[in-house]
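Please open the structure in a viewer and keep the selection tool at hand. The stops below are meant to be followed in order.

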Amino acid sequence: MTVILFLCTILISCEVKKSASPVQTHTLSHTTIQYAEGFTVQYQGNNKLVEVKQPFQGATSGHKYLLVPRGETVTKAELDVHVIHIPIRSIVCTSTTHIPLLDYLDEGDKLTGFPSTDYISSANIRKRIDEGHVADLGVDLGINLERLAMLQPEMVMGYAMSSDYGQFEKMEELNIPVVLNSEYLEKHPLGRAEWIKFVALFFNKERQADSIFSMIEKSYAETKKL
């Protein structure tokens with residue numbers, strides 16, 4: 001099933017990039033989750049309450065993020081909820097699997113840092129790296145926190161293999177919000193692909209993500225039938 005999804009992605013990549021740019025995006029567009037089991041989203045007025053239900057294999061609790069429109073204040077938030085103002089204007093990712101999602105959403109220009117940039121193959125992002133717009137932050141498990149602090153990204157998208165959040169806690173001590181992405185735990189290929197909707201929430205691009213995912217879903221079904 002994973003191979004089928006990979007083939008689908010290759011088959012539609014050119015078509016997706018051509019159609020993604022013209023798609024109109026709206027802040028209040030709502031999205032629905034069909035296959036992904038690892039995250040949920042609730043729309044609360046202008047805010048979005050996002051929960052990553054299982055941040056790592058065997059986790060007994062998740063993480064909640066309250067996405068608030070830039071310029072608006074939060075009157076009250078639960079103690080276990082991280083508040084993030086959106087749309088975000090800069091991001092540091094920690095996995096190469098996050099890069100295509102930025103590309104599909106036309107948000108590659110928001111990436112300002114990445115651990116071990118040599119592993120990135122996206123032509124768009126490689127160009128930004130060559131131009132000096134994306135800082136190499138060192139090895140994934142030992143990100144250079146001083147470089148990260150200098151960048152001051154509005155969000156770090158990380159992933160966890162265990163409950164050891166030591167590095168992420170240090171980032172948050174630097175006033176840098178950390179959001180965990182656990183797409184790798186999805187059992188269904190389309191569930192993993194649907195995490196494009198998760199990333200889209202932070203850029204207010206739900207409609208664009210829905211459109212792209214629909215194309216992936218259609219191509220997947222056609223290829224699977226063959």
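**First stop: a glutamate side chain**

Select Tyr35 and Glu194: the backbone nitrogen of Tyr35 lies 2.6 Å from a polar atom of the Glu194 side chain. The model is a predicted one. Add Ala36 to the selection; its backbone nitrogen is 2.8 Å from a polar atom of the side chain of Glu194. Glu194 itself is located in the loop between helix 6 (189-193) and helix 7. Is Glu194 buried or exposed? Its relative accessible area is 0%, so Glu194 is buried. To display its surroundings, select Thr32, Ile33, Gln34, Tyr35, Ala36, Phe39 and Phe213, which Glu194 touches when residues up to four places away in sequence are not counted.

**Second stop: aromatic pairs**

Six aromatic pairs are found in a search of the whole structure. Select Tyr35 and Phe213, which form a tilted pair with 6.0 Å from centre to centre and 55° between the planes. The pair links distant parts of the chain, 178 residues apart: Tyr35 belongs to the loop between helix 1 (2-20) and strand 1, and Phe213 to helix 8 (residues 206-225). Tyr35 counts as partly exposed, at 26% relative accessibility, whereas Phe213, at 1%, counts as buried.

Next, select Phe39 and Phe198. This aromatic pair is edge-to-face, with the centres 5.3 Å apart and 65° between the planes. Phe39 lies in strand 1 and Phe198 in helix 7, so the pair ties together parts that are 159 residues apart in sequence. Phe39 is buried, with a relative accessible area of 2%, and Phe198 is buried at 0% relative accessibility. Extend the selection to Trp195 and Phe202: together with Phe39 and Phe198 they form one aromatic cluster.

**Third stop: the largest nonpolar core**

In soluble globular proteins, nonpolar side chains tend to be buried together. Which residues touch the most other members of the largest nonpolar core? Among its 55 residues, they are Phe198 and Phe202. Helix 7 (residues 195-201) supplies the largest share of this core, six residues. Now centre the view on Phe202. Beyond its neighbours within four places in sequence, Phe202 is in contact with Leu67, Ile84, Ile86, Pro87, Ile88, Met155 and Val179.

**Fourth stop: the four-stranded sheet**

Switch to a cartoon display and select the open sheet of four strands, whose order is 1-2-3-4 and whose pairing is mixed. Strand 1 (39-44) and strand 4 (81-86) are at the edges; each has a single partner strand, so one side of each is left without a neighbour in the sheet. From one strand to the next, the twist averages 25°. Within the sheet, strand 2 (residues 47-52) and strand 3 (residues 63-69) run antiparallel and are joined by five bridges. To locate one bridge, select Val52 and its partner in strand 3, His63.

**Last stop: a buried histidine**

Finally, select His98 in the loop between strand 5 (91-93) and helix 2 (99-104). His98 has 2% relative accessibility and counts as buried. Leaving out residues up to four places away in sequence, His98 touches Cys93, Met157, Gly158, Asn181 and Glu183. Add Ile196 for a distance check: the C-alpha atoms of His98 and Ile196 are 8.8 Å apart in space, although the two residues are 98 residues apart in sequence.

Note on methods. Residues numbered from 1 in each chain as written. Predicted model: local features only at pLDDT ≥ 70, side-chain atom pairs only at ≥ 80, totals over all residues. Heavy atoms only, no water. Pairing = 2+ DSSP bridges. Helix = DSSP H or I, 4+ residues; strand = E, 2+ residues; numbered from the N terminus. Axes fitted to C-alpha atoms, helices over the stretch in contact; angles between N-to-C directions. Buried < 20%, exposed > 50% of the residue type's maximum accessible area, 1.4 Å probe, protein only. Contact = heavy atoms within 4.5 Å. Core = buried A, V, L, I, M, F, W, Y, C linked by side-chain atoms within 4.5 Å. Phe/Tyr/Trp six-rings, centres within 6.5 Å; stacked < 30°, edge-to-face > 60°. Polar contact = N/O pair within 3.5 Å; in protein donor to acceptor, adjacent residues only side chain to side chain.
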